[in-house]
Structure formats: structure tokens, C-alpha cells
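Welcome, and thanks for taking a look. Here is a short briefing to read alongside the structure.

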Amino acid sequence: IHLIIITMKGVYIFLAEGFEEIEALATVDVLRRGGINVQTVSINDSITVLGAHGILAVADLKWSRFKAEAYFDGTDESDVMIFPGGMPGTKNLAKNEELMDIMKKHYSEGGTVAAICAAPGMVVSQLPSLKGKMFTCYDGFEAAPTAKGGEYVKTPCVTDGNLITGRGPGCAVDFGLAIVEHLKGADFAKEIRASMMI
């Protein structure tokens, strides 16, 4: 029996060994403050994932459970796949072919992809085309998305339709707030920002 992957439904952040802790955990924190049911997913079948700076995170879902639970018919911009940066975390995300195939299908069907730091350069750049899409990323990772037609903007965070990108660790809260704004509107995102005294 072959499982036919239809579509990913929900909001998920994918954690690989060596992920950038601030980018992952600040994003999860901001989204949950905004009442968004984001779940962390280990891309391995260990529930724990070691970050780039030695912080051990406990994911909500193992990879096998994510694959068993995340697929429903139909997707839209409210369904979000989130990719933090960090090394070697970003490389580990990018070399997971199954995850990259899911991302490509998700994006092509209108789902949102959000990536920060090195992830726009190594993960988002695997999409077939970024023609006309504005993006940002960690300095030095802009070549691959630009080669796919993306337009690099040196700013903390960029939202362009169903693509949201952030520049680096110091931009993680802005990145999380951009996802909140995308899902719940600018006024609500401003409320969350104010409640965090930013």
C-alpha cells in the first residue's frame, strides 16, 4: 500500500539537527502568543533535536507521526511550512528529499512557505521558480534564490504573497510577527507586538 500525499494542512515548523534556536523557538513563541496552533516537527524519528548552540528541543511530532497526521484535501495560504536557519540545520533540511517534495507540492498548491536566515538560500531556492518574488535571507545566501528569479531585499523580513522570509537570528521576532500578520491581519499582529513591548 502506497500512501498518496494529497496536501499539507496546518502550521508546522521543521527542526533538523543543528537548527538555529532563536529562529525556531522565538517564531513558535510569537505564533502561540497569537493563538496559532503551530507544531514543531523533528525531521528524524527522534522526538528530541539538538540545536546549533547545544540547546536540546523536544518536538511536538516525530517525522513519521507528522506524515501520518498532516495530510488532508485542500490547502491555502493559511497552511504554513516554516523553516529556521542555522548550520548544519539548514543543510539537513535541504537534503531531506521527502520534505523538499512536500514543500514544493505545498507551495505549488497555494500553501505558504516561511523561511529565515540560510533557509531561503538553501530550502526555498529548491522551488522550481521564484520569478517576481521578493525575499530576504542571511547575507551571502541570496545567490540561489536570485538565480530562480527572486528579487533580494536587504531588510529584516519580507512577505510576498505566500512566501515569507527573514534575514537572521536578530529578525526572528519580526519573522514570527510577519507570519501572525499573514494569518490574522496587521491589526492583530500590532497587538501582539505591543504586548511584547517591542
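Which residues does K148 touch, not counting residues up to four places away in sequence? They are S125, Q126, L127, P128, S129, L130 and K131. Please keep in mind that this is a predicted model. The points below start from K148 and then turn to the sheet, a residue in one of its strands, and the largest pocket.

**Around K148**
- You will find K148 in the loop that runs between α6 (143-147) and β8 (151-152).
- K148 is partly exposed, because its relative accessibility of 29% falls between the 20% limit for buried and the 50% limit for exposed.
- Q126, one of the residues that K148 touches, is 22 residues away from K148 in sequence, and their C-alpha atoms are 8.7 Å apart in space.

**The sheet**
- Six strands form an open sheet with mixed pairing, and following them across gives the order β2-β1-β5-β6-β10-β9.
- At the edges sit β2 (38-42) and β9 (157-160), each of which pairs on one side only.
- From one strand to the next, the twist averages 15°.
- Within the sheet, β5 (residues 80-83) and β6 (residues 112-116) are parallel partners, joined over 4 bridges.
- If you would like a landmark for this pairing, look for I82, which stands opposite A114 in β6.
- Helix α4 (residues 97-108) packs on the sheet, where it touches β1 (11-15), β5, β6 and β10 (163-166).
- The direction of α4 makes about 135° with that of β5.

**T40 in an edge strand**
- T40 lies in strand β2, which is one of the two edge strands.
- Even so, T40 counts as buried, because its relative accessible area is 7% and the limit for buried is under 20%.
- Leaving aside neighbours within four places in sequence, the contacts of T40 are I13, L15, V28, V58, A59, D60 and L61.

**The largest pocket**
- The largest pocket holds about 150 Å³ of space.
- Two helices, α7 (172-184) and α8 (186-195), are the elements that give two or more residues to its lining.
- The full lining consists of P156, C157, D174, L177, A178, E181, A186, A189, K190 and R193.
- Sorted by class, this lining has 6 nonpolar and 4 charged residues, with no polar ones.

Definitions and conventions:
Residues numbered from 1 in each chain as written. Predicted model: local features only at pLDDT ≥ 70, side-chain atom pairs only at ≥ 80, totals over all residues. Heavy atoms only, no water. 1 Å grid on protein atoms, 1.4 Å probe; cavity = no way out; pocket = protein on both sides within 12 Å on 5 of 7 lines; lining within 4 Å. Points joined across faces, edges and corners; volume = space filled by probe spheres on them. Nonpolar A, V, L, I, M, F, W, Y, C, P; charged D, E, K, R; others polar. Pairing = 2+ DSSP bridges. Axes fitted to C-alpha atoms, helices over the stretch in contact; angles between N-to-C directions. Contact = heavy atoms within 4.5 Å. Buried < 20%, exposed > 50% of the residue type's maximum accessible area, 1.4 Å probe, protein only.
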